[in-house]
Amino acid sequence: MKNLSLWVLTITILSISCTNDFTADSELKEINSLEGSTSKLSKSNVSSFAKNSLTLQIDQLLSQFYDQSTFDSESILSINQAIHPTGNTTVSLVAGNLNLTNSSIDAIRNAVNQSQGLFELNVDNPSMTAAGKASLSNFIENIMEFNNGDYQSMLQSIALYQSNISTDTSYTSEDKCVILAISSIAGSSLFYEKKRGDKDWDTAIGNRDDNFIPTDEITFKTVRMALLSGIIQNNL
């Protein structure tokens with residue numbers, strides 16, 4: 001199936017504005033949307049993951065996306081339009097000065113393929129402080145460089161990072177809004193990436209489907225980078 005299934009075609013675009021909704025209390029709620037998950041990832045390790053009512057909606061969309069998508073360009077563009085803030089944050093790859101937020105999926109895949117697992121990124125948002133932008137760029141770099149398969153530890157690290165950001169008075173409300181929104185997307189993406197990897201493995205091995213090709217690491221990282229950079233260019 002080339003395109004993402006019907007749910008993405010009828011999706012309601014979420015308009016997200018930065019407010020003070022991201023508080024320490026709301027950000028440390030239990031992940032209600034992960035209740036009853038069949039993932040091999042232990043829910044207890046992500047139970048403090050930051051969520052509010054809006055990020056729960058995003059989490060549900062990402063759950064469907066990772067379960068149903070073939071990760072073609074059209075489906076990735078569709079999910080980005082649905083989950084990303086309408087803000088003015090851009091993410092660029094320092095090497096080659098590639099603006100990832102305004103790049104095609106093919107350009108992002110090529111950058112990931114040539115990265116050798118290392119990413120030096122620059123985040124730009126005129127409403128954020130220098131410290132906030134530096135923290136976010138470092139966070140995205142760490143998420144992109146993650147490849148050791150220890151999803152539990154990474155999700156715990158994201159939850160701790162969000163907790164620290166929420167309570168750190170040196171960051172402005174705008175810093176917190178952008179950082180917590182993108183880090184929530186990162187956490188949900190990694191959680192469902194793990195589930196999709198397990199599902200693909202079961203399909204290829206458990207059902208002995210010799211014609212099935214599991215999602216490869218480059219594809220997962222391409223999707224991860226696209227979701228974190230919030231691509232805006234409708235370039236297939």
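Buried means a relative accessible area under 20%, exposed means over 50%, and partly exposed lies in between, with a 1.4 Å probe and protein chains only. The model is predicted, so that local features need pLDDT of at least 70 and side-chain atom pairs count only at pLDDT 80 or more, while totals for chains, interfaces and linings use all residues. Residues are numbered from 1 along each chain as its sequence is written, and side-chain values use heavy atoms, with hydrogens and water left out.

**Exercise 1. Two residues with positive phi**

Task: Determine where F71 and Q116 lie, and decide whether each is buried or exposed.

Solution. Begin with the elements, where helices (H or I, at least four residues) and strands (E, at least two) are DSSP runs numbered from the N terminus. Q116 sits in the loop between α5 and β3 (121–124), and its phi is positive, about 55°, although the residue is not a glycine. With a relative accessible area of 76%, Q116 is exposed. F71 belongs to the loop between α3 (53–68) and α4 (73–83); its phi is likewise positive, about 60°, and F71 is not a glycine. Its relative accessible area of 6%, however, makes F71 buried.

**Exercise 2. The overall layout**

Task: State how many helices and strands the protein has, and in what order they run.

Solution. The count comes to nine helices and three strands. Read from the N terminus, the order is α-α-α-α-β-β-α-β-α-α-α-α. Of the 236 residues, 49% count as buried. For contacts (heavy atoms within 4.5 Å), take those with a sequence separation of 6 or more: residues 24 or more positions apart account for 76% of them.

**Exercise 3. The pairing of α6 and α7**

Task: Classify the packing of helix α6 against helix α7, and describe which residues make the contact.

Solution. First, the geometry: α6 (residues 130–145) and α7 (residues 151–167) pack at an angle of about 175°, and their axes are 12 Å apart. The axes are lines fitted to C-alpha atoms, for helices over the stretch in contact, and the angles run from 0 to 180 degrees between N-to-C directions. Angles under 35 degrees count as roughly parallel, over 145 as roughly antiparallel, 65 to 115 as roughly perpendicular, and the rest as oblique. The angle therefore makes α6 roughly antiparallel to α7.

Second, the residues: α6 contributes S135, L136, F139, N142 and I143, whereas α7 contributes M154, I158, Y161 and I165. For their character, Ala, Val, Leu, Ile, Met, Phe, Trp, Tyr, Cys and Pro count as nonpolar, Asp, Glu, Lys and Arg as charged, and the others, Gly among them, as polar. On that basis the contact holds seven nonpolar residues, two polar and no charged.

Third, the length of α6: the expected span of a helix is 1.5 Å times one less than its number of residues. The 16 residues of α6 should therefore span 22 Å, and this agrees with its end C-alpha atoms, which are 22 Å apart.

**Exercise 4. Two buried helix residues**

Task: For M144 and I165, find which residues each touches beyond four places in sequence.

Solution. M144 is in helix α6, where the buried residues also include G132, L136 and I140. At 0% relative accessibility, M144 is buried. Its contacts are with V112, F119, K221, R224, M225 and L228. Its C-alpha atom is 9.2 Å from that of T222, although the two residues are 78 apart in sequence.

I165, in helix α7, is buried at 3% relative accessibility. It touches S135, Y171, K176, I179 and L180, and its C-alpha atom lies 9.8 Å from that of C177, twelve residues away in sequence.

**Exercise 5. T101 and R196**

Task: Identify which backbone atoms the side chain of T101 reaches, and which residues R196 is in contact with.

Solution. T101 is in the loop between β2 (98–99) and α5 (105–114), and is buried, at a relative accessible area of 3%. Its side chain reaches the backbone nitrogen of V91 at 2.7 Å and the backbone oxygen of S229 at 2.9 Å.

R196 belongs to helix α8 (residues 173–206) and is buried at 11% relative accessibility. Apart from neighbours within four places in sequence, R196 is in contact with Y66, D67, Q68, S69, F71, T215 and F220. The list includes F71, the buried loop residue of the opening exercise.

Definitions and conventions. Polar contact = N/O pair within 3.5 Å; in protein donor to acceptor, adjacent residues only side chain to side chain.
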